[in-house]
Amino acid sequence: MEKLLHYVWSHKLFPLGELRTTDGQRVEVIDPGLPNPHAGPDFFNAKLKLDGVLWGGNVEIHDRASDWMKHRHDGDKAYNNVILHVVGKADCTVPRMDGEMIPQLVLTCPDEVIRRYDELHETEVRPRCYTILTDLPKLTVHSWLSALQVERFERKARDIQARLEQCGKNWEDVFFITLARNYGFGLNADAFEAWAKLIPLRAVDKHRDNLFQVEAFFLGTAGFLEEKHPDYSDYYICLQREYHYLRQKFNRPDPMADSRWKLLRTRPGSFPHIRLAQLAHLYHKGEGLFSKVMETPTIDELRKLLATDVSAYWEEHFTFAKASPHSKKQMSKSGLDLVIINTVVPFLYAYGRHRQEECLCERATALLEELPAENNYIIRMWQGAGITVTSAADSQALIQLQKEYCDRRDCLRCRFGYEYLKQGRNL
């Protein structure tokens with residue numbers, strides 16, 4: 001309930017009528033203050049009047065007044081500037097370090113707000129706030145989706161920055177790891193990232209002109225060339241020998257266990273063997289992929305740059321186990337778009353921030369607005385609830401909303417959740 005008190009105070013969703021402290025002082029809230037996500041009082045720089053006298057300072061909120069002593073605020077100088085203690089139940093008085101008592105306000109939430117808050121937390125219907133979505137002003141929806149899009153940019157930029165620290169700030173290596181992770185398309189994403197961290201790109205560069213050797217490096221590191229199966233083809237045996245030679249030449253560690261890769265519930269065209277063959281072809285085409293991507297201005301040119309093929313062997317196989325009908329096995333247009341959305345766009349944004357080149361950040365936004373929306377269960381769910389999705393910018397915002405708010409039941413930080421609770425106050 002303390003979270004709800006925070007929310008009610010922050011948004012001034014007070015019950016109708018006059019507010020008074022426990023000792024009878026009339027309270028007028030001019031500014032509830034700025035929420036403090038760190039240690040110290042819950043709200044900084046609040047402004048309020050107590051019996052007509054203007055006060056400026058901090059506000060602390062608890063379920064029970066006795067939590068003040070339980071959390072030892074009475075002996076913490078960081079709480080000496082608290083001008084009001086907002087509580088759900090005033091079961092005691094609370095002092096500052098010097099013994100002076102702090103005014104307390106018992107804040108009660110409107111019954112309908114509490115009921116709606118409980119609904120948001122207890123219902124299993126997705127999205128939980130669906131009943132109000134179609135009635136929201138377009139400006140409210142658009143502004144929230146725009147904010148969520150920026151949040152998603154920032155979250156992905158932090159992921160890229162973390163990988164940069166691990167890779168000695170080598171942007172080309174981090175781009176390769178991120179690209180590989182997104183070749184996993186969710187199910188094998190972790191395995192692809194672990195695999196990419198084992199690939200020595202500088203060593204691959206020395207053999208980049210030979211697709212067979214790049215394939216041997218990639219498939220061998222993935223653990224797919226460790227079996228001694230009598231039915232496997234001469235191509236497999238040659239790859240196996242080549243990988244063992246390259247591994248010894250560059251003193252590489254043991255390959256991954258092939259058990260890390262998931263084939264169940266994966267379409268054959270997305271088997272990791274095929275994705276690795278496509279990546280081998282992409283890196284065989286030329287070096288400096290990261291630099292080329294950063295300089296490629298249009299979606300069509302990016303699709304052409306990132307287009308993949310496979311060697312002749314993989315046109316007739318999905319794995320080493322048996323042959324399959326001939327097919328080109330190029331990545332689809334929708335697959336390329338997902339790679340652009342999840343790899344190219346975040347790198348444009350992160351690199352633009354790093355270089356302080358706003359034009360790169362703007363290009364990242366423009367690409368998302370031009371690309372078609374993703375088609376997955378999250379997007380279909382929000383569309384079914386009445387949210388219009390016209391581009392990848394919208395779909396990325398909704399994925400951020402689902403993962404960072406809805407899945408965590410963090411409705412109090414969501415603007416849709418705010419509108420849902422606000423309607424409860426107005427009933």
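## A buried aromatic pair

Let's start inside: Phe-176 and Tyr-283 are both buried. This is a predicted model, so everything here is read from computed coordinates. The ring centres of Phe-176 and Tyr-283 are 5.0 Å apart and the planes meet at 85°, so this counts as an edge-to-face pair. Phe-176 belongs to helix α6 and Tyr-283 to helix α11, so the contact ties together parts of the chain that are 107 residues apart in sequence.

Those two rings have company. Phe-176 and Tyr-283 belong to one aromatic cluster together with Phe-192, Trp-195, Phe-218, Phe-224 and Trp-261. Across the whole structure there are 27 aromatic pairs.

## A second pair, and two charges over rings

Trp-382 and Phe-416 make another pair worth a look. Their ring centres lie 6.1 Å apart with the planes at 45°, so the pair is classed as tilted. Trp-382 sits in helix α16 and Phe-416 in helix α18, so here the parts tied together are 34 residues apart in sequence. Both Trp-382 and Phe-416 are buried.

Rings also turn up under charged side chains. Arg-116 places its charged end over the ring of Tyr-420, 4.6 Å from the ring centre. Lys-329 does likewise with Phe-318, its charged end sitting 4.4 Å from the centre of that ring.

## The largest pocket

Now for the open space. The largest pocket holds about 1500 Å³, and 50 residues line it. If you want to find its middle, look for Asn-182, Phe-185, Gly-186, Leu-338 and Asn-342, the lining residues nearest the centre.

Which helices build the wall? Those giving at least two residues each include α5 (138-166), α6 (171-183), α7 (189-196) and α11 (272-284). From further along the chain come α14 (333-355), α16 (377-384) and α17 (392-406), again with at least two residues each. Helix α14 gives the most, with nine residues. By class, the lining is made up of 18 nonpolar, 18 polar and 14 charged residues.

## The second largest pocket

The second largest pocket comes in at about 630 Å³. It is lined by 24 residues, and the ones closest to its centre are Lys-3, His-6, Tyr-7, Leu-412 and Arg-413.

Helices α1 (2-10), α3 (111-122) and α18 (415-426) each put at least two residues into this lining. The biggest share comes from α1, with four residues. Sorted by class, the lining of the second largest pocket has ten nonpolar, seven polar and seven charged residues.

## Closed cavities

What about space with no way out? The structure has three cavities of 30 Å³ or more, and the largest of these has a volume of about 90 Å³.

The wall of the largest cavity draws on Leu-120, Pro-127, Arg-128 and Cys-129, along with Tyr-405, Cys-406, Asp-410, Cys-411, Cys-414 and Gly-417. Seven of the lining residues are nonpolar, one is polar and two are charged.

## Strands β4, β5 and β6

On to the strands. β4 (residues 43-50) and β5 (residues 53-64) run antiparallel and are joined by six bridges. To pick up the register, follow Ala-46 across to Gly-57, its bridge partner in β5. The hairpin of β4 and β5 has two residues between the strands, and Asp-51 takes a positive phi there, near 50°.

β5 also pairs with β6 (residues 82-89), in the parallel sense and over six bridges. Here Val-59 finds its bridge partner in Leu-84 of β6. One general point for reading side chains here: in a regular strand they alternate between the two faces of the sheet.

## Met-256 in its loop

One last stop is a loop residue. Is Met-256 buried or exposed? Met-256 is found in the loop between α10 (234-249) and α11. With a relative accessible area of 7%, Met-256 falls under the 20% cut-off, so it counts as buried.

For a sense of span, compare Met-256 with His-6. Their C-alpha atoms are separated by 48 Å, and the two residues are 250 apart along the chain. His-6 is one of the residues closest to the centre of the second largest pocket.

Technical notes: Residues numbered from 1 in each chain as written. Predicted model: local features only at pLDDT ≥ 70, side-chain atom pairs only at ≥ 80, totals over all residues. Heavy atoms only, no water. 1 Å grid on protein atoms, 1.4 Å probe; cavity = no way out; pocket = protein on both sides within 12 Å on 5 of 7 lines; lining within 4 Å. Points joined across faces, edges and corners; volume = space filled by probe spheres on them. Nonpolar A, V, L, I, M, F, W, Y, C, P; charged D, E, K, R; others polar. Pairing = 2+ DSSP bridges. Phe/Tyr/Trp six-rings, centres within 6.5 Å; stacked < 30°, edge-to-face > 60°. Buried < 20%, exposed > 50% of the residue type's maximum accessible area, 1.4 Å probe, protein only. Lys NZ or Arg CZ within 6 Å of the ring centre and 35° of its normal.
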